[in-house]
Amino acid sequence: MAAPQTPVHLPTTYPLATVGVDEAVRVQYRLLEHTAAHFEGTQLFETDAGVVPGLGRPRTTARVEAVLAGHFGAEDAALVQGAGTGAIRAALQAAVSPGDPLLIHRAPVYRTTAVTLRGLGVRTVEADFNDPAELRQALASGRFRWAYVQHSRQRLADSYDPAEVIAACAEAGIRTVVDDNYAVMRVPASGVELGADASCFSLFKLHGPEGVGAVVGSRDLVEHIRADNYSGGGQVQGAQALDALRALTHVPVMWAIQSRVGAEVADRLAAGEVPGVAEVRIANAQDRCLLVRLERPVARQLPAVAAKYGAAPYPVGSNSRYEITPLFYRMSSSSLDDTPELADWTVRINPMRAGADLVVEILRRSLLDLEG
């Protein structure tokens, strides 16, 4: 399809609040305090495997789960296979049954979550979480026992405060499962810290090993997940769990620095430092990133050109341990489902571990190349 000759403008975005470096250091210290409370001596250097009688999982895995529960102030936590998608699936499977109504936000659903919802056979009912009156009306209908909340934005123009949505659900007696992927450890409080019954997130996106996810929340829900996951082959083994914990200790400060770099790049682009940039927004789409609208419809070509200058041209896990150089990529699939007209004009940039100078220079050189 030919690109429109007149580009559309980026919508106003409402980025989630982030944690500064000083607070991130305190978060790291708190995580280590809980680690010290559950690991003695050489236990941090030793791992086990298998379905330990009485635990149903490795001892090391159980210790890491206790660390996570303590850190997030939750009753319990379960590590699961399948990363963030597996965590969401496990939590929803424990919460709802086929045919149950589930309240969700009116927006394109993340594609793997849509598969989960379809597989579970729940009846999703949408309400606009950006509209408090519509949300209250839905909550007052008496139709729901559970609501599903995505912490990160589903639409670029989403403005709802997840804390207010979770509180409104709790006030109406409706329990909540929160997709905390892309938000946990970056925002001041995760869903479960805001009062949700479960926070689901990928530890792979927090520099952990491939395939490990976590559900942190209420004891009844977590026990249900463990009962469903009885098989030894479905357990997160001790080595995986300990690897995830070690990686997690680095994340709060890394995320705080990344958020700071992203803000600096946005300011420099908005000031006109790179010719060819029309406008820029900080957005949570899905990961916190920069949306850069270009003056010419070359967004589809730009990632491949930027790769010549060291950029990552596609994600591995969107902030996984593999991704260290800046990511130059298309907008997320759910964002494009909502705003397909931006596909030719807008790229998504995440600094990853890089500083602002490198991000700006890659973009400047790439746009110069595309001028031909």
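The following paragraphs describe the overall architecture of a predicted model, then an antiparallel sheet with two helices packed on it, and finally a buried strand.

In this predicted model, local features require pLDDT of at least 70 and side-chain atom pairs count only at pLDDT 80 or more, whereas totals for chains, interfaces and linings use all residues. Residues are numbered from 1 along each chain as its sequence is written, and side-chain values use heavy atoms, with hydrogens and water left out.

The protein has twelve helices and eleven strands, where helices (H or I, at least four residues) and strands (E, at least two) are DSSP runs numbered from the N terminus. Its radius of gyration, 21 Å, is close to the 21 Å that the globule rule gives for 372 residues, so the protein is as compact as a globular protein of that length. The radius is taken over C-alpha atoms, and the rule is 2.2 Å times the number of residues to the power 0.38. The C-alpha trace spans about 65 × 55 × 35 Å along the principal axes. Of the 372 residues, 55% are buried (under 20% relative accessible area, with exposed over 50% and partly exposed in between; 1.4 Å probe, protein chains only). Among contacts (heavy atoms within 4.5 Å) with a separation of 6 or more, 71% come from residues 24 or more positions apart.

An open sheet is formed by four strands in the order β8-β9-β11-β10, with antiparallel pairing; two strands pair if DSSP finds at least two bridges between them. Strands β8 and β10 are the edges, each pairing on one side only. Neighbouring strands of this sheet are turned by 25° against each other on average, direction ignored. Between β10 and β11 there are three bridges, and leucine 327 has asparagine 350 of β11 as its bridge partner.

Helix α9 packs on this sheet, touching β8, β9 and β11, and its direction makes about 155° with that of β8. Such angles run from 0 to 180 degrees between N-to-C directions, with axes fitted as lines to C-alpha atoms, for helices over the stretch in contact. Helix α9 comprises residues 251-270 and reaches 28 Å from its first C-alpha to its last, close to the expected 28 Å (1.5 Å times one less than the number of residues). Of its 20 residues, 14 are buried, leaving α9 mostly covered. Glycine 272, with a positive phi near 90°, follows α9.

Helix α12 (residues 356-370) lies across β8, β9, β10 and β11 and runs at about 40° to β10. Its buried residues are Ala356, Val359, Val360, Ile362, Leu363, Ser366, Leu367 and Leu370. They cover an arc of only 160° around the axis, which puts them on the same side of α12; the arc is that of the directions from the helix axis to the C-beta atoms. These buried residues pack against α9, β8, β9, α10, β10 and β11. Just after α12, glycine 372 takes a positive phi of about 80°.

Elsewhere, five of the five residues of strand β4 (residues 146-150) are buried, so β4 is largely enclosed by the rest of the structure. Trp146, Tyr148 and Gln150 point one way from the strand, while Ala147 and Val149 point the other way. Strand β4 runs parallel to β2, to which two bridges join it, and leucine 102 stands opposite tryptophan 146. Five bridges join β4 to β5, also in parallel, with threonine 176 of β5 as the bridge partner of alanine 147.
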